[in-house]
Amino acid sequence: MRQSGNGDGANVDLTKRWVYTPRPINVKRGLMYGMMDLMGGGWNNIVSGVIFAYLTLAQGFNPALAGTIAAAGRIVDCVWNLVLGQITDEFYRTRLGKLFGRRHFFILIGGVMFLAVFPLFWINVQGADGQPNFWYYLVVYVAMEMIIAMMLVPWECLPTEMTRDYRERTVLSGSRMIISATGTAMVFLILAALKQANNPNAYLIAGVAWTILFVVAIFVTYRGTWERPLTPEFLTELDARPSLSTLEFLKLSIRGYRDTFRNKAFRVHLGVYLLSFTGKDFYSTLLPTFIVCCVYGSQESWAWTFQALSIVGILVTIGAVPLMVSHGPRYLFRLSYWLVIVSMVGYGVTWLLRLDSPFAILLVVSLVYQCGRALLEFTPWNLFPFMADVDYIMTRADRTGLYASVMTFFRKSTGAIATWAAGLLLAFTGYDAKAMKNYGTTPDDVRMGIGLVFLIGTLVFIVAALVLSRMVFLNRETHQVLKDEIERLEAGGSKADVTPEARKVCEELTGHPYESLWPAKPEM
């Protein structure tokens, strides 16, 4: 991986390349950065809300096999994510990394590969026995996960590369979540419209439409963002770092992954994030089956219509940006969880009462859920860019990619477990996707099992996240104190001159005594 910066810079003036040219961060620039999450948010909701239903309801897979495809694909991808973040951190050593940017190179290559592979998953492929081809869907799904991670991991590092300012990062993250909400809405609106029209190729047409939409978004972000300039001083520092063998690189990576858990703010953040999104996974994975099999008088298109209400997330996210600044993340976490809890109670009551015409009631309940979901997704990703700052005062190292890799690894791990568990639990209830295509063909005991898995599975994780969110300490005020202290120390200030407030904030965020912070040299 190692290559001399002097050789690379001999014929190319890196300072003049657009990828290293900072620009004012405004709403337009924030939207260009956030366009990637049209694909990222859309894909995450395809994974949690469409893949399982597509494999069971459209392809006829046993729910345990469908869950296995989703889980196995994400587990393989998790291993890839463990290495990917570190690779992007170190990629500036190469000529390609210097010319295209250590983050942007992977975004570019990933976009081209995505265009070639993504539509393949939505094709009906059967084996010699006339059954859906398990290995085909597994291989294509694994490839999709790895390609998308190739873009998302480096992209998640860009706010830290582009600015240190809390307000500007909030603009970037807030814009990202607005676009993410738009991507989620468009995914389900496209599929809902095709299902309402009873189009027999609904999933294939939707897959092609999603591909076009996502590729455009990827390349808008690619051209609209930049990385930390490779100044001569920065290149000298990078070239002074030793070249590592593959074994040494892996050992260093494993130590880095372990070290992220020394960061108290990150531990809490990761726990809240994983509990929140795993609860959301249970909801999205099981909602179509719950609607089709448990709700009296319903049909499959209802589920996609309710999911398409995620369009309200655009307005909710816009409203959440000033709330993030004025009230902080803890307030938004609590609000999001209570909205989800209320909505799950609404689903349960509607199911148990067996109403003749429940569509309107479920529409309102789903609207409440989508408001909570939008806040649930907005809040943790607004906090993430600041985790590297907490790590910086602990290590004085640039490890944003490492944190992004750990976040993605555990998110995909828990997502895989949730989908796999949902499939196994549905299979345990006796659910058969081929035989039980509506309320009338689903036995009472199977309906009871599906309903309990859907409701309890979601609520357990959301309630746990609500409890843990009380430990979130990072907000605009505490980050400003942390940022000021870092800048004071960078300017040559003495650790002995720390103010009581700065000491308290630094110790609370890191979980370590102040004296152990700001080491003489970076650990990595």
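## The second largest cavity

Start with the ring of residues around the second largest cavity: K264, A265, V268, H269, L383, M387, M471, V472, F473, L474, E508 and L509 line it. Keep in mind that this is a predicted model. The space enclosed here comes to about 110 Å³.

Which elements supply this lining? Both α13 and α22 (500-510) put in at least two residues each, and α13 has the largest share, with four. By class, the lining of this second largest cavity splits into nine nonpolar residues, one polar and two charged.

## The largest cavity

Now for the largest cavity, which holds about 230 Å³ of space. It has 20 lining residues, and those closest to its centre are G40, N44, R176, Y273 and W381.

Several helices meet around this space. Two or more lining residues come from each of α3 (36-58), α7 (134-156), α9 (166-196), α13 (264-294), α17 (359-383) and α19 (400-429). Which of them gives the most? That would be α3, with five residues. As for chemistry, the lining of the largest cavity counts eight charged residues, six polar and six nonpolar.

## The overall count

How many cavities are there of 30 Å³ or more? The tally is four. Rolling a probe the size of a water molecule over the atoms is what shows where such empty space is left.

One element is worth following through both of the cavities described above: α13 gives two or more residues to the lining of the largest cavity, and α13 also brings four residues to the lining of the second largest.

How values were computed:
Residues are numbered from 1 along each chain as its sequence is written. This is a predicted model: local features need pLDDT of at least 70, side-chain atom pairs count only at pLDDT 80 or more; totals for chains, interfaces and linings use all residues. Side-chain values use heavy atoms; hydrogens and water are left out. On a 1 Å grid over the protein atoms alone, a cavity is a set of points where a 1.4 Å probe fits but cannot get out, and a pocket is an open set with protein on both sides within 12 Å along at least five of seven lines; lining residues have an atom within 4 Å of a point. Grid points are joined across faces, edges and corners, and a volume is the space filled by probe spheres set on the points. Ala, Val, Leu, Ile, Met, Phe, Trp, Tyr, Cys and Pro count as nonpolar, Asp, Glu, Lys and Arg as charged, and the others, Gly among them, as polar.
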